[in-house]
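Student: I am new to this structure. Could you walk me through it in questions and answers?

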Amino acid sequence: MTKIEFRDVYFRYNEDENWVLRNINLSINADESIAIIGHNGSGKSTIAKLINGLLIPQAGDILIDGEKITERNLWEVRRKVGMVFQNPENQFVGTTVMDDVAFGLENRGIPRDEMVHRIDESLREVGMQDFFLHEAHHLSGGQKQRVAIASVMAVQPEVLILDEATSMLDPLGRREIIQTIQHVRQQHGFTILTITHDLDEISSSDRLLVLQNGKLVIDTKPRDWFAQTEDWESLGLIAPFTTKLANILKDHGYRFPSHPLNHEELIEAIWTYNLKE
């Protein structure tokens, strides 16, 4: 079932500026995990804000579950689409972790007994059940982002958007958040859109969308994208070391069953290849 659809969408922030998005046509199915990449200013975050109803396009239509997003149904859209931003502190409004998760539920008039259950459940699913009464601002970066994810999960959206949600974290924090997101997806079957530069987030997605100057130029599977380097450079992106090394090895006669997505897969592929030799 198609969950999100863009039909000939154009958007710009001011009438005297260039289009940020131009003629975007896109379909995303329910339960898909999508990674969106592109150089700075390519329109990635704008797409996220359009899906969430934070922005309205000047031309074209955006549909959620077959219903066009309009100013009349924005609140209904936001019940279905949850968003986690780059800086989790921008989403904190309460004194404690529990207060922050409760905020969205209170705004929606959720009964108290149901609210208590959802707060407990969402914090447990992101591994923050022992931090109910902690002040959010005193948590680590990774812990703050997990609380932000729990706050969105508590309102039970159908679509989860992560806008550079791991970019401010160290490698360990990024890994923990990626694992949290994968766990949440397995448990709830969210449609997930991840705007990212992180290779692990890209490789764990079902599809990869690449934007350039406001246009959707690539729609492919991550493994197919990692198998080549030419498009990375032409789109102003830097191909990862794993991709470059794997392609050099291919030029020297190595034949991998499938292109490695990360250094663990590359090491395993080289080891298996050498054993066969």
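The turns below go through helices, single residues and ring pairs.

Tutor: This is a predicted model, in which local features need pLDDT of at least 70, side-chain atom pairs count only at pLDDT 80 or more, and totals for chains, interfaces and linings use all residues. Residues are numbered from 1 along each chain as its sequence is written, and side-chain values use heavy atoms, with hydrogens and water left out.

Student: What distance does helix α4 reach from its first C-alpha to its last?
Tutor: Helices here are DSSP runs of H or I with at least four residues, and strands are runs of E with at least two, numbered from the N terminus. Helix α4 covers residues 112-125, which is 14 residues. The expected span is 1.5 Å times one less than the number of residues. For α4 that expectation is 20 Å, and the helix comes close to it, reaching 20 Å.

Student: Which residues of α4 are buried?
Tutor: Buried means under 20% relative accessible area, exposed means over 50%, and partly exposed lies in between, with a 1.4 Å probe and protein chains only. In α4 the buried residues are Met115, Arg118, Ile119, Ser122, Leu123 and Glu125.

Student: Why are they on the same side of α4?
Tutor: An α-helix has 3.6 residues a turn, so residues three or four places apart point the same way. The arc is taken from the directions between the helix axis and the C-beta atoms. The buried residues of α4 are on the same side because they cover an arc of only 160 degrees.

Student: Which helices are included in what covers the buried residues of α4?
Tutor: Contact means heavy atoms within 4.5 Å. The cover includes α3 (97-107), α5 (141-154) and α6 (171-188).

Student: Which helices do the buried residues of α3 pack against?
Tutor: The buried residues of α3 are Val97, Asp100, Val101, Ala102, Gly104 and Leu105. They pack against α4 and α5.

Student: How many residues of α5 are buried?
Tutor: The end C-alpha atoms of α5 are 20 Å apart, in agreement with the span expected for 14 residues. The rest of the structure largely encloses α5, because its buried residues number 13 of the 14.

Student: What is the nearest side chain of opposite charge to aspartate 100?
Tutor: Aspartate 100 lies in helix α3. Lys and Arg count as positive, Asp and Glu as negative, while His and the chain ends are not counted. A salt bridge needs a side-chain nitrogen of Lys or Arg within 4 Å of a carboxyl oxygen of Asp or Glu. Aspartate 100 is buried without one, and the nearest opposite charge, 10 Å away, is lysine 144.

Student: How far from glutamate 164 is lysine 44?
Tutor: Glutamate 164 sits in the loop between β7 and α6. At 14% relative accessibility, glutamate 164 counts as buried. Lys44 is among the residues that glutamate 164 touches, not counting residues up to four places away in sequence. Even so, glutamate 164 has no salt bridge, and lysine 44 is its nearest side chain of opposite charge, at 4.8 Å.

Student: Which residue after α5 has a positive phi?
Tutor: The residue is in the loop between α5 and β7 (159-163). Its phi is about 55 degrees, although it is not a glycine. It is partly exposed, at 46% relative accessibility. The residue is glutamine 156.

Student: What separates the C-alpha atoms of leucine 193 and glutamate 32?
Tutor: Leucine 193 is in strand β8 (residues 191-195). Leucine 193 counts as buried, at 1% relative accessibility. Glutamate 32 is 161 residues away along the chain, but the two C-alpha atoms are separated by 8.3 Å.

Student: How many aromatic pairs does the structure hold?
Tutor: Rings of Phe, Tyr and Trp (its six-membered ring) pair if their centres lie within 6.5 Å; planes under 30 degrees apart are stacked, over 60 edge-to-face, and the rest tilted. By that rule, the number of aromatic pairs is two.

Student: What is the angle between the planes of tyrosine 10 and tryptophan 19?
Tutor: Tyrosine 10 is partly exposed at 28%, and tryptophan 19 is partly exposed at 31%. Their rings are 5.4 Å centre to centre and edge-to-face, with the planes at 70 degrees.

Student: How far apart are the ring centres of phenylalanine 11 and tyrosine 13?
Tutor: Phenylalanine 11 is buried at 4%, while tyrosine 13 is partly exposed at 40%. Their planes are at 90 degrees, so the pair is edge-to-face, and the centres are apart by 4.7 Å.
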